[in-house]
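Me: I should like to learn how the features of a protein model are read, one at a time. May we begin with the pairing of strands?

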Amino acid sequence: MLEVTQNKLAALKRLSDENGVIGALAIDQRGSLKKMIAAGSTNDVGDEGIITFKELVSEELTPYSTAILLDPEFGLPAAKARSKDAGLLVAYEKTGYDATAVGRLPDLLPEWSVKRLKEAGADAVKFLLYYDVDENEKINDYKHVYMERVGAECVAEDIPFFLEIVSYDAENEDVKSKEYAKVKPHKVIEAMREFSKPQYHVDVLKVEVPVNMNFVEGYTEGETIYSQEEAAAYFKEQSEATDLPFIFLSAGVSAELFQETLKFAKKSGSSFNGVLCGRATWKDGVAPFASGGEQAGREWLQVVGKKNIEELNVVLKESASSWFDKVHNRNNLVSS
């Protein structure tokens with residue numbers, strides 16, 4: 001069971017609903033969002049376009065979310081535009097990774113520290129780590145030490161540490177392939193097991209679902225890799241691999257598939273504690289914003305974006321478990 005301080009407990013509550021479920025919105029994309037906007041626009045929207053789109057998403061959708069995840073490079077204006085009832089997570093990593101180097105090594109934003117992110121209003125700090133449990137030991141040891149340092153910074157500032165783990169296979173670049181689908185459960189579950197160890201001081205894990213749902217029997221019209229029973233067993237094994245609160249990322253799948261995945265997770269016995277859902281909620285709003293401008297983007301968010309979140313919230317209410325059951329406060333304030 002995770003032990004937290006009074007300040008961390010209060011911060012986690014600000015990021016959650018009254019039942020201890022996290023229904024957060026993620027829009028900390030930087031380079032990828034710039035490309036998405038540029039692809040649909042005839043004009044060079046530049047940094048201003050990214051900042052404006054993030055502000056629109058924050059303003060229109062945080063009234064229906066428990067929190068929003070933003071980046072400090074383009075997202076701080078959007079943080080100011082969020083609902084007064086929505087908590088704030090801020091990303092601490094540089095976007096992407098150096099594709100010319102081996103190992104997808106982590107890198108911090110050099111102008112920022114956990115202390116500065118907290119001063120900027122963050123209720124929690126998020127770090128994204130690319131991790132292959134089977135990669136070269138030297139590379140993984142480097143990542144382990146790096147995460148220990150980030151965790152220690154969060155302890156020093158008494159602020160929750162959300163670790164986002166994105167799995168991969170160093171021998172296979174195509175994470176959408178059936179070959180990767182076969183090894184994905186092992187990659188995801190063992191990474192969770194590693195970073196649940198106390199030396200990392202992680203408070204909440206943000207993770208992928210343990211299977212590629214596009215290869216699950218009954219969820220695809222194409223080839224299947226897992227029967228529903230096998231997929232359910234992986235969800236259960238994942239849940240039992242950690243004592244920490246954990247939430248699912250949407251990984252860019254459609255809103256419909258993500259909602260069906262959460263229902264499947266619940267049915268499988270997963271005790272997940274919510275979501276940090278990004279592109280599944282807002283990605284289809286980029287095109288109207290890029291081609292039609294701010295008003296077109298706002299109108300899409302007010303109708304389709306809102307619908308996506310409200311439908312997700314209904315599913316969360318039925319499927320997610322409270323993190324209250326996984327957290328012990330040193331002052332016994334969980335029920336306060």
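Me: Which residue stands opposite Gly-23 in strand 9?

Reply: Strands of a sheet pair through backbone hydrogen bonds, either parallel or antiparallel. In this predicted model, the residue opposite Gly-23 is Val-275 of strand 9. Strand 2 (residues 22-26) pairs with strand 9 (residues 274-277) in the parallel sense, and the pairing extends over 4 bridges.

Me: Into what arrangement do the 8 strands 2-3-4-5-6-7-8-9 fit?

Reply: These 8 strands form a closed barrel with parallel pairing, in the order 2-3-4-5-6-7-8-9. On average, and with direction ignored, neighbouring strands of this sheet are turned by 25° against each other.

Me: How many bridges join strand 6 to strand 7?

Reply: There are 4 bridges between strand 6 and strand 7, and the two strands run parallel. As one instance, Leu-163 has Leu-205 in strand 7 as its bridge partner.

Me: Are the two faces of strand 7 covered or open?

Reply: In a regular strand the side chains alternate between the two faces of the sheet. In strand 7, Val-204 and Lys-206 lie on one side, while Leu-205 and Val-207 lie on the other. All four are buried, and both faces of strand 7 are thus covered.

Me: Which strands does helix 7 touch where it packs on the sheet?

Reply: Helix 7 touches strand 5 (124-131), strand 6 (161-167), strand 7 and strand 8 (246-249). The direction of helix 7 makes about 155° with that of strand 6. Elsewhere, helix 12 (residues 294-319) lies across strand 2 and strand 9, and runs at about 160° to strand 9.

Me: How is the packing of two helices read, and at what angle do the axes of helix 7 and helix 8 cross?

Reply: One reads the distance between the axes together with the angle. The axes of helix 7 (residues 178-195) and helix 8 (residues 228-240) come within 9 Å and cross at roughly 15°. An angle under 35 degrees counts as roughly parallel, and helix 7 and helix 8 are therefore roughly parallel to each other. The crossing of helix 7 past helix 8 is right-handed.

Me: Which residues of helix 7 meet helix 8?

Reply: On the side of helix 7 they are Pro-185, Val-188, Ile-189, Met-192 and Arg-193, and these meet Tyr-234, Glu-237 and Gln-238 in helix 8. By class, the residues of this contact are 5 nonpolar, 1 polar and 2 charged.

Me: How does helix 8 pack with helix 9, and at what angle?

Reply: Helix 8 packs with helix 9 (residues 255-267) at an angle of about 80°, their axes being 9 Å apart. Helix 8 is therefore roughly perpendicular to helix 9. In this contact, Gln-228, Ala-231, Ala-232 and Phe-235 of helix 8 meet Thr-261, Phe-264, Ala-265 and Lys-267 of helix 9. The contact comprises 5 nonpolar, 2 polar and 1 charged residues.

Me: What sign does phi have at Arg-104?

Reply: Most residues other than glycine have a negative phi, and most peptide bonds are trans. Arg-104, although not a glycine, has a positive phi of about 45°. Arg-104 is found in the loop between strand 4 (87-91) and helix 5 (114-119). Its relative accessibility is 11%, so Arg-104 counts as buried.

Me: Where is His-201 placed, and what is its phi?

Reply: His-201 belongs to the loop between helix 7 and strand 7 (204-207). Phi of His-201 is positive, near 55°. With 35% relative accessibility, His-201 counts as partly exposed.

Key: Residues numbered from 1 in each chain as written. Predicted model: local features only at pLDDT ≥ 70, side-chain atom pairs only at ≥ 80, totals over all residues. Heavy atoms only, no water. Axes fitted to C-alpha atoms, helices over the stretch in contact; angles between N-to-C directions. Parallel < 35°, antiparallel > 145°, perpendicular 65-115°, else oblique. Left-handed = near helix turned anticlockwise from the far one by under 90°. Contact = heavy atoms within 4.5 Å. Nonpolar A, V, L, I, M, F, W, Y, C, P; charged D, E, K, R; others polar. Buried < 20%, exposed > 50% of the residue type's maximum accessible area, 1.4 Å probe, protein only. Pairing = 2+ DSSP bridges.
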